[in-house]
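Reader: I have the file open and some time before my next spin. Can you walk me through what is in it?

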Amino acid sequence: MTAPGGAPEPLPPTAPAAAAAAARPARKVIPIAAAPADSGALYEAHKKVYPRSVQGLFARWRWAMVFLTQLVFYGLPWLEWGQRQSVLFDLGARRFYIFGLVLYPQDLIYLTGLLVISALALFLFTAVAGRLWCGYTCPQTVYTEIFLWVEHRIEGNRIARIRLDEGAFSMEKLVKKSFKHIVWLGIALWTGFTFVGYFTPIRDLGMAFLQTQMGSWEVFWVFFYGFATYGNAGFMREQVCKYMCPYARFQGAMFDRDTLIVSYDEQRGEPRGVRARGSDARAQGLGDCIDCTLCVQVCPTDIDIRQGLQYECIGCGLCIDACDTVMDRMALPRGLIRYATQNSMAGRWSPRQVLRRVLRPRVLAYSGVMVLLTVGLLVSLVVRTPLKVDVVRDRGALARIAEGGQLENVYRLQIMNATEQTQHYRIAAHGLAGVSVSPEEPVEVAPAESRGVAVRLQIPYGSAPAGSHTVYFDVRSADGSAQVSEKAAFLVPR
Ligand code: SF4
Ligand code: SF4
C-alpha cells in the first residue's frame with residue numbers, strides 16, 4: 001500500500017535488517033495433520049496483516065487503477081444523457097438504459113454476450129500475465145487499498161499501527177480508531193449509495209435520502225452493500241482473496257509455463273544472507289538477496305514470494321517495487337523479483353524471447369474467439385431493430401362471428417419502443433386470405449415506453465378450414481425506420 005503522493009516508509013538500515021528479519025517469525029504453514037496435539041485448534045489463527053508502504057512503478061499503477069475504476073464507478077450514475085441518467089438499470093420498469101441504448105428484458109442476449117466476452121478476457125489476461133485483474137482492478141483489491149490508505153493516514157505507518165494495536169487502551173487509541181471507522185463507514189455507505197444509484201435514479205435517491213423517504217429496498221441495499229464494503233475492505237481484506245474467491249482456486253488451470261507471473265530469481269538470489277554494504281557477497285558465498293524481508297512486509301497477502309508461486313499471490317507487484325528499492329541501495333541490478341515466466345527463469349531467456357512466447361496457441365484461441373464475439377455483438381447492436389413486439393392471444397375471447405359475417409380472433413400486442421423519440425406504429429397482418437386488422441389507426445408509444453394494445457383480426461367466414469392457422473402481425477413505425485413481424489395462431493372453430 002502506498003499513499004498517493006505520500007512518502008514511502010523508510011527502509012531499515014542494511015545491517016540491522018538481520019535483526020529485523022530474525023525478529024519477524026518465519027511464515028510457516030502447519031498442515032492440519034501436523035498441528036500440535038494439545039493446541040485444540042484445527043486451523044492456524046488469523047494474524048492481522050500490516051502491509052508496509054512502498055513506492056515504485058507497480059504501486060503507481062495500482063493507484064492509477066484505483067482512481068480510474070472509482071472515477072467510473074462513482075461518476076457514471078451522475079452523468080446525464082439527454083433527459084435521463086446515462087446508465088440506469090431500472091428493474092422496476094424492466095428497462096436498461098446505457099447511454100443511447102434502451103434495452104428490454106428480451107435483449108438479455110446482449111448481457112449474456114458481454115458476460116461471455118468478460119470471461120474470455122479474464123482467461124486471456126490470466127494466460128498472458130497472471131492475476132492482473134486481482135492485482136489492479138478487482139473491487140476487493142481497490143477498496144482494500146483505499147481503506148488501508150485511510151488507516152495509514154490516521155494511525156501512521158506499519159510500525160505505528162502495530163504499536164497502536166498492541167498497546168493498552170488510551171485516549172489517543174480511542175480517537176484514532178473512532179475516526180478511522182467513521183471515515184471507513186462514510187466511504188462504505190457512499191459506495192452502497194452509488195451502487196443503488198445504478199438501479200434507481202441517483203438524483204431522486206439523493207433527495208429521498210436527504211428527506212429520509214427512501215423506499216425500504218433502497219435502504220436495505222445501500223446498507224447491505226455499504227456494510228459488505230466495510231467488512232470486506234476494512235476487516236476481511238486478504239482473507240477474501242485467500243479463502244473466499246473462487247478465481248484464486250482455478251487460476252492454476254489458466255496458467256502455463258509461459259504465463260508472466262511475479263517471480264523470485266532463485267538462481268540469482270540464493271543463498272540469501274545479510275552482508276555489509278559494499279562487501280563482496282560472492283566472496284562470502286552469498287547471492288543477491290540480502291534477506292531484508294521487505295518483499296514480505298509490503299505484501300498485502302502476507303506471503304513470501306521467495307518460496308515460489310503461491311495461490312495467495314494476487315500479482316500486485318509491490319514486492320517487485322520493494323526489492324528494486326533494495327537493489328538500488330545495494331548498487332545491484334534491479335529485477336531480483338520481477339514479472340517472468342517459468343520457462344524464461346529456467347532458460348535465462350531475454351525479454352524478446354519471452355515476448356515471442358506470448359503469441360502461443362492458447363492465447364491466440366482466446367483472442368480469436370473474443371474478437372469474433374465482440375465484433376458479432378457490436379454488429380448486432382448496430383443493426384438491431386429498436387422495436388419489440390410481444391403477441392398474446394386473448395384466451396378469454398374465443399373466435400366469434402363479428403358484424404358483417406367476419407370471423408374474428410382477439411389478441412393483445414405489447415409494443416415496446418426502444419428509441420428516445422415518440423413513435424407511431426401501424427399494425428398490419430398477413431398469412432390468411434382476406435385478413436384485416438382493427439384498429440387501423442397508428443398506435444402512439446412514448447420514448448422508451450411499452451404499450452399494450454387490443455387488436456382484432458378478421459377473415460371472411462368460411463375462407464379458411466377449421467383448425468389453427470399461422471398469421472403474422474407486421475408492426476412498422478410511421479417513418480419506416482423499424483419493422484417487426486411476429487407470428488400468432490388464428491383459430492377457426494368447427
Ligand atoms: S528478495 Fe529483495 S526484498 Fe526480498 S528479502 Fe531479498 S533482497 Fe529483500
Ligand atoms: S507476493 Fe504477490 S501478492 Fe505479495 S506483494 Fe508480491 S505480487 Fe503482491
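Author: Let's begin with a ligand. The shell around ligand 1 has 9 nonpolar, 1 polar and 2 charged residues. Bear in mind that this is a predicted model.

Reader: Which residues surround ligand 1?

Author: Tyr264, Cys289, Ile290, Asp291, Cys292, Thr293, Cys295, Arg306, Cys323, Met327, Leu336 and Ile337.

Reader: And what surrounds ligand 2?

Author: Around ligand 2 are Val262, Cys299, Pro300, Thr301, Ile303, Ile305, Cys313, Ile314, Gly315, Cys316, Gly317 and Cys319. By class, that shell has 9 nonpolar and 3 polar residues, with no charged ones.

Reader: Back up to the whole chain. How many helices and strands does the protein chain have?

Author: The protein chain has 17 helices and 16 strands.

Reader: What is its radius of gyration, against that of a compact globule?

Author: The protein chain has 32 Å, whereas a compact globule of 494 residues would have a value near 23 Å. Along the principal axes, the C-alpha atoms fill a box of roughly 110 × 60 × 50 Å.

Reader: What share of the residues is buried?

Author: Buried residues make up 43% of the 494 in the protein chain. On contacts, take those between residues at least 6 apart in sequence: 70% of them join residues at least 24 apart.

Reader: Now the helices. Where do α2 and α14 meet?

Author: On the α2 side, Leu57, Phe58, Ala59 and Arg62 take part, and they meet Leu318, Ile320 and Asp321 in α14. That contact divides into 5 nonpolar and 2 charged residues, with no polar ones. The axes of α2, residues 57-75, and α14, residues 318-329, come within 7 Å and cross at roughly 145°.

Reader: What about α7 and α8, at what angle do their axes cross?

Author: Roughly 130°, and the axes come within 9 Å. At that angle, α7 counts as oblique to α8. Helix α7 covers residues 171-196 and α8 covers residues 202-210.

Reader: Which residues make the contact?

Author: From α7, Phe193, Thr194 and Val196; from α8, Ile202, Leu205, Gly206 and Phe209. By class that is 5 nonpolar and 2 polar, and no charged residues.

Reader: Changing topic to arginines. Is arginine 268 buried or exposed?

Author: Arginine 268 counts as buried, because its relative accessibility is 16% and the cut-off is under 20%. Arginine 268 lies in helix α12, residues 266-269.

Reader: What is arginine 268 in contact with, apart from its sequence neighbours?

Author: Leaving aside neighbours within four places in sequence, arginine 268 is in contact with Arg282, Gly287, Asp288, Met327, Leu332, Pro333, Arg334, Gly335 and Leu336. Met327 and Leu336 also appear among the residues that surround ligand 1.

Reader: Which arginines have a positive phi?

Author: Arginine 94 is one of them, with phi near 55°. Arginine 237 is another, with phi near 40°.

Reader: Where do they sit, and is each one buried or exposed?

Author: Arginine 94 lies in the loop between β3 (87-90) and β4 (95-98), and it is exposed, with a relative accessible area of 57%. Arginine 237 is in the loop between α9 (216-236) and α10 (238-244). Arginine 237 is buried, with a relative accessible area of 6%.

Reader: And arginine 426, where is its place?

Author: Arginine 426 is in strand β11, residues 423-430, and counts as partly exposed at 46% relative accessibility. Not counting residues up to four places away in sequence, it touches Glu440, Pro442, Asp474, Val475 and Arg476. The C-alpha atoms of arginine 426 and serine 477 are separated by 6.3 Å, although the two are 51 residues apart along the chain.

Reader: Last thing, prolines. Which peptide bonds are cis?

Author: Among them is the bond from glutamate 270 to proline 271, with omega near -5°. Proline 271 lies in the loop between α12 and α13 (294-297). The bond from serine 438 to proline 439 is also cis, with omega near 10°, and proline 439 is found in the loop between β12 (436-438) and β13 (443-445).

Reader: Good, that gives me enough to look at.

Note on methods
Residues numbered from 1 in each chain as written. Chains lettered and ligands numbered in written order. Predicted model: local features only at pLDDT ≥ 70, side-chain atom pairs only at ≥ 80, totals over all residues. Heavy atoms only, no water. Near = heavy atom within 4 Å. Nonpolar A, V, L, I, M, F, W, Y, C, P; charged D, E, K, R; others polar. Axes fitted to C-alpha atoms, helices over the stretch in contact; angles between N-to-C directions. Helix = DSSP H or I, 4+ residues; strand = E, 2+ residues; numbered from the N terminus. Parallel < 35°, antiparallel > 145°, perpendicular 65-115°, else oblique. Contact = heavy atoms within 4.5 Å. Rg over C-alpha atoms; globule rule 2.2 N^0.38 Å. Buried < 20%, exposed > 50% of the residue type's maximum accessible area, 1.4 Å probe, protein only.
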